[in-house]
Amino acid sequence: MVIDPDRYTAWAEDSLAARHRPTRIVLAILVVSLILAGVVAGTKLTRVFQHLFSLATQANMLRQWAQDPGMALSSPAGRAALRSGLGTMRNDLRALYVEGGFMWRGLQRLGWAPVIGGDLQAWPALLQSGIHLTDAELAGMAGIEPVLAVHDPGSSVAPENATAESLWRLKMGASHFAEGQQAVASAQADLEMVPTQRLSPLLAKPVALANTYLPALQTAFGLAQGAPALLGADRPATYLILAQNSHELRPTGGLISGVGLLRIEGAKVISATLEDGYAADADCDCVLPAPAPLREYMWTPVLKLRDANWSPDLPATAAVVRSIYGRCQGVEVD
């Protein structure tokens, strides 16, 4: 059989091209995938930097407001600007957490890096904490703004009704304050995941400040929820005021030399009295035995109101004082 060289060459070239065609397709798909991945990554990085820039701008504005919070809260325009800034900051933090998710997971694996390894590892938890903290601040604003609006110039609330209206609005904001309190708790939980010992000085200081002040913010939200009851919103509240003499020391301060009775209703003082600490239980047979040191060194067989703060535990002392005063004066105090 005679082989035509030209036909053989063409057949070989066709066979070689067919053999390499799948490889070329795979390479083309790979190149297109890399280009698309680069475009997606570039787009995400662009958005990340945009949110970082916006976040820095809002943080700078909040720092200026923090220097004079009264100016930011005393007018409707100031409160609206503050609320808007906090909302923008929260949105930027949330967007950063979502957009940079692929980066944050990678950065967490770089905890071994010197100097900044701790910062990289802590970044996702810090973002989450920031989100919860702005949630708390916005919840607090939602609860307190109606109260502050009562005292704005041109308010529709008459001056003589301002106190009662403020108290009622404070009570209505309890759900917002509870929401803020929960958000602060979440922010604290996020910060507990931060390796504080490995943070750089750039992050260590603000994280330390947050750990210092978040418990106070948590207390403030709790106080805002309890304030209506404390101020006698639903019923008169009765309190004992103890005047203590530091010249005769006791565990909570000093000998109780004076006892004041304060009654509050609707955030207004309706009565206030003050009497001598010795007279408060002078005609009363108290059945509480005195603590052993008091019996031994002061020769006091029973516990009198003036010595009722013998315990260094303030709640325990308060319970004893309430008990003695209630038995001797027939008045239950809050």
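Are Cys-284 and Cys-328 buried or exposed? To find out, select both residues in this predicted model and display the surface around them: Cys-284 is buried, and Cys-328 is buried as well.

Keep the two cysteines selected and show their side chains, since they form a disulfide in which the sulfur atoms lie 2.2 Å apart. The cut-off applied for such a pair is 2.5 Å, and under that rule one disulfide is counted. Looking along the S-S bond, you will find a torsion of -75°, which makes the link between Cys-284 and Cys-328 left-handed. Now colour by secondary structure: Cys-284 sits in the loop between β3 (268–276) and α9 (292–298), while Cys-328 belongs to helix α10 (residues 314–329), so the pair ties together parts that are 44 residues apart in sequence.

Next, select helix α6 (residues 162–172), where Ala-162, Ser-166, Leu-167 and Leu-170 are buried. If you turn the view to look down the axis of α6, these residues cover an arc of only 130° around it, and they therefore lie on the same side of the helix.

For the last stop, go to helix α8 (residues 201–230) and pick Leu-230, which lies in that helix. Leu-230 is partly exposed, with a relative accessible area of 41%. Extend the selection to Leu-223 and Leu-231, because together with Leu-230 they form a nonpolar patch on the surface, and the accessible area of the three together is about 250 Å².

Key: Residues are numbered from 1 along each chain as its sequence is written. This is a predicted model: local features need pLDDT of at least 70, side-chain atom pairs count only at pLDDT 80 or more; totals for chains, interfaces and linings use all residues. Side-chain values use heavy atoms; hydrogens and water are left out. Helices (H or I, at least four residues) and strands (E, at least two) are DSSP runs, numbered from the N terminus. Buried means under 20% relative accessible area, exposed over 50%, partly exposed in between (1.4 Å probe, protein chains only). Patches are made of residues with over 30% relative accessible area and no salt bridge: like charges are joined within 9 Å, nonpolar side chains (Val, Leu, Ile, Met, Phe, Trp, Tyr) within 5 Å. Accessible areas come from the Shrake-Rupley method with a 1.4 Å probe; for residues, only the protein chains shown count as cover. A salt bridge is a side-chain nitrogen of Lys or Arg within 4 Å of a carboxyl oxygen of Asp or Glu. The arc is that of the directions from the helix axis to the C-beta atoms.
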